[in-house]
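Here is a guided walk through a protein structure, meant for someone meeting it for the first time. Take a look at the sequence and the model below, and then we can go through them together.

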Amino acid sequence: MEERIHNNYTEQIKRLRAEKNAIILAHYYQTAEIQDIADFVGDSLALSQKAASNNADIILFAGVRFMAETAKILSPGKKVLLPDMDAGCSLADSCKEEDFRQFIEEHSGRTIVSYVNTNTSIKALSDIICTSSNAVQIIESLPKDEKIIFAPDRNLGNYILNRTNRDIVVWNGSCHVHEEFSVESIIGLKKQHPRARIIVHPECELPVRMIADFIGSTAALLDFTKRDDSREFIVATEPGVIHQMKRATPSKIFIPAPPKDSTCGCSECNFMKLITVEKIYRCLLTEEPEIEIDTDLLVKARKPILRMMEISEKLGL
């Protein structure tokens with residue numbers, strides 16, 4: 001019964017997408033069934049690039065709100081839809097505009113590099129936006145003596161600081177998913193699977209990063225599993241990406257890293273999982289909820305994103 005309902009929604013989505021010249025963009029952290037109906041699946045950098053370059057009239061974003069807002073900023077003439085406006089981000093919400101303005105004043109004269117996982121108001125205060133795919137390269141593209149503010153993720157910020165040895169002041173924000181991985185449990189898994197490679201997102205805490213065989217963005221983790229000779233991987237990021245890993249190399253084994261609290265699904269992003277196939281269907285049908293951003297704010301937020309994309313293009317990212 002459920003499969004029949006799911007298939008019906010999928011067929012209706014395909015019909016509406018064609019009729020309305022819509023494109024569905026999905027993040028790697030979405031469920032497998034949503035990834036499978038999307039026109040394009042990627043990480044934040046790839047999704048930003050796709051949002052800026054497509055021929056659709058409507059962009060439906062299967063992700064969280066800051067991602068849909070970024071799509072609207074990059075394609076202001078298009079209608080951008082988000083199936084559930086409650087799909088927020090704990091990391092983005094950890095950096096409020098008023099508090100960040102004060103932080104900037106306390107550290108005046110610094111170049112502001114903000115992670116794409118921020119609300120539009122924070123992007124508008126920034127000089128450059130980055131993603132986990134290009135953060136190190138963005139920082140290294142700046143003069144060596146440049147003083148920098150990085151926001152909002154403290155773990156990614158400290159990872160960048162250690163990699164680049166630059167003068168960086170880091171905002172104290174975090175992602176509820178990536179801070180929940182248990183070092184002890186990962187080590188326990190490693191004992192059970194001694195040949196497994198531990199692959200870790202840079203938003204994870206330092207102790208987790210210290211036991212990693214490889215650290216990288218979601219896209220980099222996926223790429224690593226494709227080219228590495230290992231047959232088993234312990235994956236410390238949101239487990240939605242494992243669907244793409246299995247599709248790319250079905251003969252390999254992918255084990256989600258466990259959270260500190262084994263009684264909860266803390267390794268999953270509850271905001272990402274608010275998006276469902278049914279909500280995508282209803283969103284395409286009604287063309288609501290729609291992302292709307294004040295024009296002046298959009299223009300301000302667009303500049304640092306375009307600067308990121310220009311730097312990324314020059315570096316071949």
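Let us begin with R17, which has its place in helix α1, the stretch of residues 2–19. Please keep in mind that this is a predicted model. Is R17 buried or exposed? With a relative accessible area of 14%, R17 falls under the 20% limit, so R17 counts as buried. Setting aside residues up to four places away in sequence, R17 touches A22, I24, I37, A38, D39 and L284.

One of those partners, A38, leads us to the next stop. A26 sits in strand β1, which covers residues 22–27, and A38 is among the residues in contact with A26. The others, again leaving aside neighbours within four places in sequence, are I34, F40, V41, G42, L47 and A62. A26 has a relative accessible area of 0%, so A26 is buried. You can also use A26 as a landmark for a distance: T295 is 269 residues away from A26 along the chain, and their C-alpha atoms are separated by 25 Å.

Now step back and look at the whole chain. Its secondary structure comes to 15 helices and 12 strands. How does its radius of gyration fit with that of a compact globule? For 317 residues, such a globule would have a value near 20 Å, and the protein chain has 19 Å, so the two agree. Measured out along the principal axes, the C-alpha atoms fill a box of roughly 55 × 55 × 35 Å. Of the 317 residues, 56% are buried.

The contacts and the surface add to this overview. Take the contacts between residues at least 6 apart in sequence: 65% of them join residues at least 24 apart. The chain exposes about 14,100 Å², and carbon and sulfur atoms supply 46% of that area. As for charge, there are 39 positive and 46 negative side chains, and the centres of the two sets lie 5 Å apart.

With the overview in place, we can look at one helix in detail. Helix α6 runs over residues 97–106, and F100, F103 and I104 are buried in it. Why do these three lie on the same side of α6? They cover an arc of only 100° around the axis, which puts them on that one side. On the other side of α6, E98, E105 and E106 are exposed. And what covers the buried residues of α6? The cover includes the strands β5 (111–115), β7 (147–151) and β8 (167–170), together with helix α7 (120–124).

Strand β7 also brings us to a detail of the backbone. A cis peptide bond joins A151 and P152, with omega at about -5°. P152 lies in the loop that runs between β7 and α9, the helix of residues 154–164. Follow the chain past α9 and you reach N165, in the loop between α9 and β8. Phi of N165 is near 55°, a positive value in a residue other than glycine. N165 has a relative accessible area of 69%, so N165 is exposed.

A second cis peptide bond can be found between E288 and P289, where omega is about 0°. P289 lies in the loop between α14 (277–286) and α15 (295–315). E287 belongs to the loop between α14 and α15 too, and E287 has a positive phi of about 60° although it is not a glycine. E287 is partly exposed, with a relative accessible area of 21%.

Two more loop residues round off the walk. S75 is found in the loop between α4 (65–74) and β4 (79–81). A relative accessible area of 6% makes S75 a buried residue. Leaving aside its neighbours within four places in sequence, S75 is in contact with A51, A52, I59 and R302.

L274, in turn, has its place in the loop between β12 (253–256) and α14. At 28% relative accessibility, L274 counts as partly exposed. Not counting residues up to four places away in sequence, L274 touches D84, D86, A87 and K279. How far is L274 from R227? The two are 47 residues apart in sequence and 32 Å apart in space, C-alpha to C-alpha.

Methods. Residues numbered from 1 in each chain as written. Predicted model: local features only at pLDDT ≥ 70, side-chain atom pairs only at ≥ 80, totals over all residues. Heavy atoms only, no water. Helix = DSSP H or I, 4+ residues; strand = E, 2+ residues; numbered from the N terminus. Rg over C-alpha atoms; globule rule 2.2 N^0.38 Å. Buried < 20%, exposed > 50% of the residue type's maximum accessible area, 1.4 Å probe, protein only. Contact = heavy atoms within 4.5 Å. Areas by Shrake-Rupley, 256 points an atom, 1.4 Å probe, with all protein chains shown as cover. Lys, Arg positive; Asp, Glu negative; His and termini not counted. Charge placed at Lys NZ, Arg CZ, Asp CG, Glu CD. Arc of directions from axis to C-beta.
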